Amino acid sequence: TELAQIWAGVLKLDRVGRHDHFFELGGHSLLAVTLIERMRKAGLHTDIRSLFNTPTLAALAKVISTNTNANVVEIPPNLIPAQSETITPDMLSLVKLSQEEIDRITQAVPGGAANVQDIYPLVPLQEGILFHHLMTKEGDPYLLYRLARFSSRSKLDRYLEAMQSVIDRHDTLRTAIQWEGLSEPVQVVWRQALLRIEEVELEETGEDAGKRLLARFHPRHYRIAVSQAPLKQIFIAHDRADGNWVMLDLFHHLVGDHSTMEVEYQEIQSYLLGREAELAAPLPFRNFVAQAKLGVSREVHQAFFTDMLGDVDEPTAPFGLLDIQGDGGGIVESKRMVAPDVSKRLRQCARTLGVSAASICHLAWAQVLSKVSGRDDVVFGTVLFGRMQGGEGADKVMGLFINTLPIRIRLDDCSAQDGVYKTHRLLTQLMHHEHAPLVLAQRCSGVAAPMPLFSSVLNYRHNAGVDLNDSKAESAVQESQFQTAWEGIEFLESEERTNYPFTLSVDDFGDEFGLDVQVHASLDPQRICGLMHCALEGLITALEKRPQTAISKLGILPEQERYQILEEWNSTQAHYPQDKCIHALFEEQV
């Protein structure tokens, strides 16, 4: 009964029955994290994998535990005393370093050891991002930006003060990365880290001030020092043309993901409204580091990926693209919304089958990759949420939680319905290994480095947010407060890039879906959007009407492209003089 009440609150339903299915009721991975957190607060403990394996209320009730230590990694405490003038190896509970290495670290921190709160290792995706940061000499593929306009300098100053307050609250925003002279890279949490703000003068060229500021410090040619906290830098400039101020916020992916940015802006809003006292105490990122390092063993990860990838001996390379060491440049992008009727059918199809919409999207992307790589057995990277293990506050902790890992989908002799179920099961299993290093997964395959195992990535993103308010009146009040907080502030644009040359992001907006394609400049991103949209529509139609249809029989070509290939390019009729022999025509041509 208690579990049913929690489900009803998270899924916004009046009541939930004992045999109701989480995904048939509209549940998805982001709501699952919220559900697990609410259960934890009620003394009911489980993990995401249990929810995905037993998605009905009664089945889940049988596997939950009231043991507070169930499914929880024991987190070693931080043993560095406040204001300690020295740090010794025995004070570090998550990493082993020599005294010489510790001294090298503290010497690079303003204020020395007294300003070091904690030292711990990198999580797997941080290791990969640091690798690409060091590989790139100009610009940085993982330096993100957000451009905004403020109606007055006082608005801008208030915003920056709020941002500094959020930095003061969260350890991940006061974290620097150090690697030189160390046995392994580490992240160093500073006790105090001041936001770097630089005011610049812009030449009057008649072009938009925001565009001029962005061009000057664009991540494709500008870098920030990741060895200095915070891994964020602000550039501001006065727009004399209209009296506004523009701000460029550069933020490194090493210490945060999309959810981190959402939490940051929610907290900035609280400060702008003067409601910072209502913010919950922040939770440390070190807990996640411990979860990633001490949770699932390397041997268990290795067994899983060997079973999935052991006989894969060729990479999946769409259009022959194999270079995965890009710097984020030379990439073209296209976005389109999925047609409203297709979005509605996709959501309904997922509920009918009791799977996530993400599972259907993964299978459709596998169809596209199959056609453009000439393989019926494809491997691509999928971006995992990283917060699925159900640790305390997993839905609100700031830091880099996401991870990219391979998924293998075989399309030969498989029906549409079976393909969806298999993909859903595989994604469920993959969640248990969401903290595994990508390099370990690749080594489990038959594709030897430096050849990449895959060069394509799918990122399924929940962009609707999770509104936990049951009251419409309360929602209306929050909307009014939102408008008050951000009055006079306009966000102009932002950008995210990866090192991969063939990337699709599926944006789940709650009711609708969007496609965001970023590909190598030799390709047409609009065309790739069209292929994915067609694959989705065809797969959904098959699931609705002919679920046993072989996936290999489903097409991905939009009607216009199909007509071009079959009709326009085959239109070879031509007039010629039929009263002459062919050798005479050759003679005339000569």
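Six strands make up an open sheet in the order β8-β14-β13-β11-β9-β10, and their pairing is mixed. The edges are taken by β8 (331–337) and β10 (403–410); each has a single partner strand, so one side of each is left without a neighbour in the sheet. From one strand to the next, the twist averages 20 degrees. The model described here is predicted.

At the β10 edge, the pairing can be followed by residue. Strand β9 (residues 377–384) runs antiparallel to β10, and 8 bridges connect the two. Within this pairing, Val383 stands opposite Thr404 of β10. Strands of a sheet pair through backbone hydrogen bonds, and they do so either parallel or antiparallel.

Strand β2 offers another place to look. This strand covers residues 143–150, and 7 of its 8 residues are buried, so β2 is largely enclosed by the rest of the structure. Strand β7 (residues 245–252) pairs with β2 in the antiparallel sense over 8 bridges, and here Leu144 stands opposite Phe251 of β7. Strand β12 (residues 489–495) also runs antiparallel to β2, joined by 6 bridges. In that pairing, Ile489 of β12 is the bridge partner of Phe150.

Phe150 also leads to the aromatic side chains. Ring pairs link it with Tyr159, Tyr265, Trp486 and Phe491 in a cluster. The structure has 18 aromatic pairs in total. One of them is formed by Tyr265 and Phe491, whose rings lie 5.5 Å apart centre to centre, with 90 degrees between the planes, an edge-to-face arrangement. This pair links distant parts of the chain, since Tyr265 belongs to helix α9 (residues 258–272) and Phe491 to strand β12, 226 residues apart.

How buried or exposed is each partner of this pair? Tyr265 has a relative accessible area of 10%, which is under the 20% limit, so it counts as buried. Phe491 has a relative accessibility of 31%; this value falls between the 20% and 50% limits, so Phe491 counts as partly exposed.

The last stop is on the surface. Which residues form a nonpolar patch there? Ile565, Leu566 and Trp569 do, and together they have about 320 Å² of accessible area. Trp569 lies in the loop between α18 (559–568) and α19 (582–589). With a relative accessible area of 57%, Trp569 passes the 50% limit and is therefore exposed.

Conventions:
Residues are numbered from 1 along each chain as its sequence is written. This is a predicted model: local features need pLDDT of at least 70, side-chain atom pairs count only at pLDDT 80 or more; totals for chains, interfaces and linings use all residues. Side-chain values use heavy atoms; hydrogens and water are left out. Buried means under 20% relative accessible area, exposed over 50%, partly exposed in between (1.4 Å probe, protein chains only). Helices (H or I, at least four residues) and strands (E, at least two) are DSSP runs, numbered from the N terminus. Two strands pair if DSSP finds at least two bridges between them. Axes are lines fitted to C-alpha atoms, for helices over the stretch in contact, and angles run from 0 to 180 degrees between N-to-C directions. Patches are made of residues with over 30% relative accessible area and no salt bridge: like charges are joined within 9 Å, nonpolar side chains (Val, Leu, Ile, Met, Phe, Trp, Tyr) within 5 Å. Accessible areas come from the Shrake-Rupley method with a 1.4 Å probe; for residues, only the protein chains shown count as cover. A salt bridge is a side-chain nitrogen of Lys or Arg within 4 Å of a carboxyl oxygen of Asp or Glu. Rings of Phe, Tyr and Trp (its six-membered ring) pair if their centres lie within 6.5 Å; planes under 30 degrees apart count as stacked, over 60 as edge-to-face and the rest as tilted.
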